[in-house]
Amino acid sequence: MYWVITIMLMFHGTDAVVEREYKLKQFHDDWACHKFIHNEKMTLLEQHIEDYGDALKSFELFCENRYGQEV
């Protein structure tokens, strides 16, 4: 099992939710994943802020586990 970061984006004027998986890094435990989010929150968000601008209403960063072969 390994952990990945998922970014959930919500927008003004719609109920649509967009989820993106951060694929540049995987983690061996939940704690390491959350620590990375805490330390790198703006790095994780800045491209989405540039892409969506004022349309972006809210976001959520969370860790999800995955099973299978680690890459």
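**Exercise 1. Place Glu-64 and trace its salt bridges.**

Start with exposure: is Glu-64 buried or exposed, or in between? Glu-64 is partly exposed, at a relative accessible area of 25%. The scale calls a residue buried under 20% relative accessible area, exposed over 50%, and partly exposed in between (1.4 Å probe, protein chains only). This is a predicted model, where local features need pLDDT of at least 70 and side-chain atom pairs count only at pLDDT 80 or more, while totals for chains, interfaces and linings use all residues. Residues are numbered from 1 along each chain as its sequence is written, and side-chain values use heavy atoms, leaving out hydrogens and water.

Next, find the partner. Glu-64 forms a salt bridge with Arg-66, with 3.3 Å between the closest N and O atoms. The rule asks for a side-chain nitrogen of Lys or Arg within 4 Å of a carboxyl oxygen of Asp or Glu. Through shared partners, salt bridges join Glu-21, Glu-64 and Arg-66 into one network.

**Exercise 2. Count the salt bridges and find what the other one links.**

How many salt bridges does the rule give? The count is two. Arg-66 and Glu-21 meet in one of them, at 2.6 Å from N to O. Arg-66 lies in strand E3 (residues 56-66) and Glu-21 in strand E2 (residues 17-27), so this pair ties together parts 45 residues apart in sequence. Strands (E, at least two residues) and helices (H or I, at least four) are DSSP runs, numbered from the N terminus.

Now check exposure. Arg-66 is partly exposed at 25%. Glu-21 is partly exposed too, at 34%.

**Exercise 3. Describe the disulfide.**

Which cysteines form the disulfide? They are Cys-33 and Cys-63, with sulfur atoms 2.1 Å apart. The cut-off is a pair of cysteine sulfur atoms within 2.5 Å. The structure holds one disulfide. Its handedness is left, with -100° about the S-S bond. Cys-33 lies in helix H1 (residues 30-52) and Cys-63 in strand E3, so the link ties together parts 30 residues apart in sequence. Cys-33 is buried at 0%. Cys-63 is buried at 13%.

**Exercise 4. Find the hubs of the largest nonpolar core.**

Which residues touch the most other members? Ile-5, Ile-7 and Leu-44 do, in a core of 16 residues. Such a core is a set of buried Ala, Val, Leu, Ile, Met, Phe, Trp, Tyr and Cys residues joined through side-chain atoms within 4.5 Å. Strand E1 (2-11), E2, H1 and E3 each give two or more residues to this core.
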